[in-house]
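Hi everyone, thanks for coming. Today I'd like to walk you through one protein model, slowly and from the inside out. Have a look at it first, and then we'll start.

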Amino acid sequence: MKATGIVRRIDDLGRIVIPKEIRRTLRIREADPLEIFTDRDGEIILKKYSPIGEMSTFAKQYAESLAQVSGHTALIADRDQFIAAAGGCKQLLGKAISRELEEKIENRESVMAKKGEKNFVPISGEGAEDTANQAISPIICEGDVIGAVMLLNNDPKTSMGDVEQKLIQSAAGFLGRQMEQ
């Protein structure tokens, strides 16, 4: 654990304020759910809660199926990091998504783009930007955005089409409904 040197007092209602610098660094936004853990040493640990992260095994299987059917790299992310990868880019698992991708997801925007186009989005800072085409669809559960499904490929001679768009929309809809149950 890393000490920050910041000390806060608990108020009369039992609340504590997480400093703005820490919230910004860890991408904790207003109304974000946090899990609370305790350990034997009496430490309290706060961790961002990812509802879709609980489905990581299922998401991995779904990503593998998407990659196999489409022939493209398939990625599934929550609002902060990649939780499943198949067909390539496995180095992204557990890595943070880019701010640009986070913004697209928050705005519930779907993306179908070739590299060089205005709406092409870097998905992370971890080397997947060498992809030539991308298709991205947000995952929505009970009205809240909880992540995204992505298909990527490296062939500049091809492009993502209606089939890929329908695949990721179906996957995002299915994952969102699974989270509602």
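Let me begin with a question: does A148 count as buried or exposed, and at what relative accessibility? It counts as buried, at 0% relative accessibility. Before we go on, please keep in mind that this is a predicted model.

So where is A148? Look for strand 7, because that is the strand A148 lies in. Now look at what surrounds A148. Leaving aside neighbours within four places in sequence, A148 is in contact with L75, I76 and A77, with I105, and with I136, S137, P138 and I139. One of those partners deserves a second glance: A77 is 71 residues away from A148 along the chain, yet their C-alpha atoms are separated by 5.3 Å.

Another partner of A148 is I105, so let's hop over there, because I105 is buried too, at 2% relative accessibility. You will find I105 in helix 3. Again not counting residues up to four places away in sequence, I105 touches I97, P138, V145, G147 and A148. The C-alpha atoms of I105 and D78 are separated by 9.4 Å, with their positions 27 residues apart along the chain.

Let's zoom out for a moment. How many helices and strands does the protein have? Its secondary structure comes to four helices and seven strands. If you read along the sequence, the pattern goes α-β-β-α-β-β-α-β-β-β-α. The C-alpha atoms fill a box of roughly 60 × 35 × 30 Å, taken along the principal axes. There are 181 residues, and 38% of them count as buried. And here is a number about how the chain meets itself: of the contacts with a separation of 6 or more, 47% are between residues 24 or more positions apart.

Now for the nonpolar cores. The largest one has 22 residues, and the members that touch the most other members are A63, A74, I76, I139, V149, L151 and L175. Which elements give two or more residues to this core? They are helix 2, strand 3 (73-78), strand 4 (82-86), strand 6 (133-141), strand 7 (144-153) and helix 4. Helix 4 provides the largest share, five residues. Apart from this core lies another one, of 19 residues, including A85, I97, F120 and L152. You have met I97 already, as one of the residues that I105 touches.

Helix 4 brings us to a pair of helices. In general, two packed helices are described by the angle between their axes and the distance between the axes. Here, helix 2 (residues 56-70) and helix 4 (residues 162-180) have axes that come within 12 Å and cross at roughly 165°. An angle over 145 degrees counts as roughly antiparallel, and therefore helix 2 and helix 4 are roughly antiparallel to each other. Their crossing is right-handed. From helix 2, the contact uses F58, Y62, L66, V69 and S70, while helix 4 brings L167, S170, A171, F174, L175 and Q178. Sorted by class, that contact has eight nonpolar residues, three polar ones and no charged ones.

Charged residues can be buried elsewhere, though, so let's visit R27. R27 sits in the loop between helix 1 (20-25) and strand 1 (34-38). Its relative accessible area is 14%, and the cut-off is under 20%, so R27 is buried. Not counting residues up to four places away in sequence, the residues R27 touches are D32, K48, D80, A96, I97, S98, R99 and E102. R27 and R79 are 52 residues apart in sequence, and 9.5 Å apart in space from C-alpha to C-alpha.

Last stop: backbone angles. Most residues other than glycine have a negative phi. R108, however, has a phi near 60°, a positive value. R108 lies in the loop between helix 3 (99-106) and strand 5 (111-114), and at 42% relative accessibility it counts as partly exposed. E142 is not a glycine either, and has a positive phi of about 50°. Where is E142 placed? In the loop between strand 6 and strand 7. At 59% relative accessibility, E142 counts as exposed.

That's my tour. Thanks for listening, and I'm happy to take questions.

Note on methods
Residues numbered from 1 in each chain as written. Predicted model: local features only at pLDDT ≥ 70, side-chain atom pairs only at ≥ 80, totals over all residues. Heavy atoms only, no water. Axes fitted to C-alpha atoms, helices over the stretch in contact; angles between N-to-C directions. Parallel < 35°, antiparallel > 145°, perpendicular 65-115°, else oblique. Left-handed = near helix turned anticlockwise from the far one by under 90°. Contact = heavy atoms within 4.5 Å. Nonpolar A, V, L, I, M, F, W, Y, C, P; charged D, E, K, R; others polar. Buried < 20%, exposed > 50% of the residue type's maximum accessible area, 1.4 Å probe, protein only. Core = buried A, V, L, I, M, F, W, Y, C linked by side-chain atoms within 4.5 Å.
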